[in-house]
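Trainee: Hi! I have just opened a new structure and could use some company while I look around. Can we go through it together?
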Amino acid sequence: MNHLTGLSGLSADSITGLLDTAAGFKQTLRSPNASFSPTLKNRRIALVFFENSTRTRFSFEIAARNLGAGTLGFSAASSSVSKGETLSDTIKNLEAMQVDAFVLRHPSSGSAKLISRITPKPVINAGDGSNEHPTQALLDMFTLREHFGSLKGLKVTIIGDVLHSRVARSNIYGLLRAGAEVGLCGPVTLIPPDAEKLGVRLFTDLDHAIAWADTAIVLRLQLERASGTYLPSLEEYSRHYGLTDERLERTGKHLLVLHPGPINREIEISNHVADRIQPPGYSKSMLLEQVTNGIAIRMAVLETLLGGTP
């Protein structure tokens, strides 16, 4: 691995290796006064974010610092991008400052792959348009493997705005590669037209999707995109596709629930389902566990790509 621009071309062995490395870091993260070997000492990692982020950006920063690396924050609004500088020129200028790796979030699909072709430095995709978000999918897979013991044969339903979701795409690629079964559930307007070609099951009825699944990944309804002709109203979407206690109780299915965040509460997921860390109830929320696991996964990615001698 020279870069991590997506999971679509990543082998099952590479995915397993990242998950195994993250497991070691997670064990240390759980210990009191956790400390790590500074394997990335004197490395400089540029966090090049052209879109807002909380979990992804901060977890990459914590992951880098845990391994002894320094980080350089980048904001498009306060950079020369606001004066017309291209993405390529921005990366080349940062490279000339002896940056060792780039963590890139950009609104254009394919931007991470583009940058990986113009720099020899490792490029990690932190989300590019509606294309992929590989580290989010890896932390989701890590969370599921840690809970169930294995991903092979696991039935995972991904609920909601799949059409606009880079998280969904990376999860589909990664989970299928790891031997899981994947179902997609949502209104037909929010399911990609080529979804059947991906080797997934399709559901338009949430009760049926829940009855089939072992676990659910609930997606954020992207209100900035999924409006107008995609949905008649938020109320109707919530009524048919919102994950609530009432729906889970009606199906009688106990479900492990994941969500990449941020949450539109009481639209795609109810407060009770989102916040229920422990039973009772028909669900168990892994939302905060995912955040912790994000640090372990991003440490694993940085260590894998940059762990050699400078």
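Trainee: Let me start with two tyrosines: where do Y237 and Y241 lie?
Mentor: Both are in helix 8, which covers residues 234–241, and they sit four residues apart, about one turn of the helix. Keep in mind that this is a predicted model.

Trainee: Thanks! Buried or exposed, what is Y237?
Mentor: Y237 counts as buried, because its relative accessibility is 3% and the cut-off for buried is under 20%. Y241 counts as buried too, at 9% relative accessibility.

Trainee: Changing topic a little, how many aromatic pairs does a search of the whole structure find?
Mentor: The search finds three. One of them is F25 with F36: the ring centres are 6.0 Å apart and the planes are at 65°, so that pair is edge-to-face.

Trainee: Which parts does the pair of F25 and F36 tie together?
Mentor: F25 belongs to helix 1 (residues 12–30), while F36 is in the loop between helix 1 and strand 1 (44–49), so the pair links parts that are eleven residues apart in sequence. Both of these phenylalanines are buried.

Trainee: And back to the tyrosines, how are the rings of Y237 and Y241 placed?
Mentor: Their centres are 5.7 Å apart with the planes at 35°, so this pair is tilted.

Trainee: Now pockets! What volume does the largest pocket have?
Mentor: About 490 Å³. Its lining has 23 residues, and the closest to the centre are R105, R166, R220, G261 and P262. Helix 2 (55–66) and helix 6 (166–177) are the elements that give two or more residues to that lining.

Trainee: How do the residues of that lining divide up?
Mentor: The lining of the largest pocket has four nonpolar, eleven polar and eight charged residues.

Trainee: What about the second largest pocket, how much space lies in it?
Mentor: About 230 Å³. There are 19 lining residues, and R55, H259, L287, L288 and V291 are the closest to the centre of this second largest pocket.

Trainee: Which elements give two or more residues to the lining of the second largest pocket?
Mentor: They are helix 2, helix 5 (134–148), helix 10 (271–275) and helix 11 (287–306). Helix 11 gives the most, with five residues. By class, this lining has nine nonpolar, six polar and four charged residues.

Trainee: Can we zoom in on helix 6? I have my cursor on S170, so what does S170 touch?
Mentor: Not counting residues up to four places away in sequence, S170 touches L7, E132, H133, P134 and A137. The side chain of S170 also reaches the backbone nitrogen of H133 at 2.9 Å. With a relative accessible area of 0%, S170 is buried.

Trainee: Next to that is N171, so which side chain does N171 join in a polar contact?
Mentor: The partner is D140, and the contact between the two side chains is 2.9 Å. N171 is in helix 6 as well, and it counts as buried at 1% relative accessibility. Leaving aside neighbours within four places in sequence, its contacts include A137, M141 and I217.

Trainee: Last one: where does T135 lie?
Mentor: T135 is in helix 5 and counts as buried, at 0% relative accessibility. A polar contact of 3.1 Å joins its side chain to that of R298. Beyond neighbours within four places in sequence, T135 is also in contact with other residues, among them L4, F60 and V301.

Definitions and conventions. Residues are numbered from 1 along each chain as its sequence is written. This is a predicted model: local features need pLDDT of at least 70, side-chain atom pairs count only at pLDDT 80 or more; totals for chains, interfaces and linings use all residues. Side-chain values use heavy atoms; hydrogens and water are left out. On a 1 Å grid over the protein atoms alone, a cavity is a set of points where a 1.4 Å probe fits but cannot get out, and a pocket is an open set with protein on both sides within 12 Å along at least five of seven lines; lining residues have an atom within 4 Å of a point. Grid points are joined across faces, edges and corners, and a volume is the space filled by probe spheres set on the points. Ala, Val, Leu, Ile, Met, Phe, Trp, Tyr, Cys and Pro count as nonpolar, Asp, Glu, Lys and Arg as charged, and the others, Gly among them, as polar. Buried means under 20% relative accessible area, exposed over 50%, partly exposed in between (1.4 Å probe, protein chains only). Contact means heavy atoms within 4.5 Å. A polar contact is a pair of N or O atoms within 3.5 Å; within protein, one must be able to donate a hydrogen and the other to accept it, and residues adjacent in sequence count only if both atoms are side-chain atoms. Rings of Phe, Tyr and Trp (its six-membered ring) pair if their centres lie within 6.5 Å; planes under 30 degrees apart count as stacked, over 60 as edge-to-face and the rest as tilted.
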